[in-house]
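Student: I would like a close look at a single part of this model, and then at what surrounds it. Could you take me through the surface first and work inward from there?

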Amino acid sequence: MKSGAWQADSQDAGITFSFKGVKSDGSEVYIHRHSSGQIRRSDYNNLTESTNDWFQIYFQFIIPSQEEEQYENYLLQVENNCSGTNGSDIYLDDICIYIDELNVTAKQKNATCGEKIDVILEMDLEKLKKKIFDRE
């Protein structure tokens with residue numbers, strides 16, 4: 001995410017991500033909300049030249065399995081939280097949503113003595129296949 005400004009007194013941006021579940025009757029239920037806090041304008045370091053700073057925003061939450069079954073779809077609502085309209089432009093790129101964590105264990109096979117390290121990775125292969133191949 002990036003906050004743009006077009007003049008020196010433009011306001012910083014802020015954003016709220018609201019994750020909603022959609023039930024079969026079309027009703028929407030807020031599951032989780034996350035606010036970025038203040039995102040500085042891209043020119044905050046130098047008012048004559050943009051610094052083009054991008055900020056990574058991430059968050060996680062868990063939907064209890066007994067609640068998960070009641071939703072047919074999910075929505076991500078993105079809202080600009082700025083207090084005014086003088087600036088506060090936001091740029092979003094590369095929104096990624098991961099539905100389930102994949103637990104991976106890494107074990108080093110031998111002592112670290114050279115440039116190459118052998119590692120054993122352990123994971124649930126069926127869960128990995130489902131993540132990769134069971135997409136709509």
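Tutor: Ile99 counts as exposed in this predicted model, because its relative accessibility is 73% and the cut-off for exposed is over 50%. Ile99 sits in the loop between strand S5 (89-91) and S6, and it belongs to a nonpolar patch on the surface that is formed together with Leu76, Val78, Leu92, Ile95 and Ile97. Taken together, the six residues of this patch have about 530 Å² of accessible area.

One member of the patch, Leu76, also leads inward, since Leu76 is among the residues that Ser18 touches when residues up to four places away in sequence are not counted. Ser18 is found in strand S2 (residues 15-22) and is buried, with a relative accessible area of 0%. Besides Leu76, the contacts of Ser18 include Leu75, Gln77 and Glu79, as well as Tyr30, His32 and Arg33.

Turning to charged pairs, the structure holds two salt bridges. Side chains of opposite charge can pair when their charged atoms come close. In one of the bridges Glu28 is joined to Lys20, with the closest N and O atoms 3.0 Å apart. The two partners differ in their exposure: Lys20 counts as buried, at 8% relative accessibility, whereas Glu28 is partly exposed, with a relative accessible area of 44%.

The other bridge is formed by Glu122 and Lys107, and here the closest N and O atoms are 3.4 Å apart. Glu122 lies in strand S7 (residues 119-123) and Lys107 in strand S6 (residues 104-108), so this pair ties together parts that are 15 residues apart in sequence. Glu122 is partly exposed, with a relative accessible area of 37%, and Lys107 likewise counts as partly exposed, at 42% relative accessibility.

A last residue to examine is Gln38, which is found in the loop between strand S3 (28-35) and helix H1 (65-68). Gln38 is exposed, with a relative accessible area of 57%, and yet, leaving aside its neighbours within four places in sequence, Gln38 is in contact with Asp12 and Ala13. From C-alpha to C-alpha, Gln38 and Ile15 are 8.1 Å apart in space, while 23 residues separate them in sequence.

Terms used: Residues numbered from 1 in each chain as written. Predicted model: local features only at pLDDT ≥ 70, side-chain atom pairs only at ≥ 80, totals over all residues. Heavy atoms only, no water. Helix = DSSP H or I, 4+ residues; strand = E, 2+ residues; numbered from the N terminus. Buried < 20%, exposed > 50% of the residue type's maximum accessible area, 1.4 Å probe, protein only. Contact = heavy atoms within 4.5 Å. Salt bridge = Lys/Arg side-chain N within 4 Å of Asp/Glu carboxyl O. Patch = residues over 30% accessible without salt bridge, like charges linked within 9 Å, V, L, I, M, F, W, Y side chains within 5 Å. Areas by Shrake-Rupley, 256 points an atom, 1.4 Å probe, with all protein chains shown as cover.
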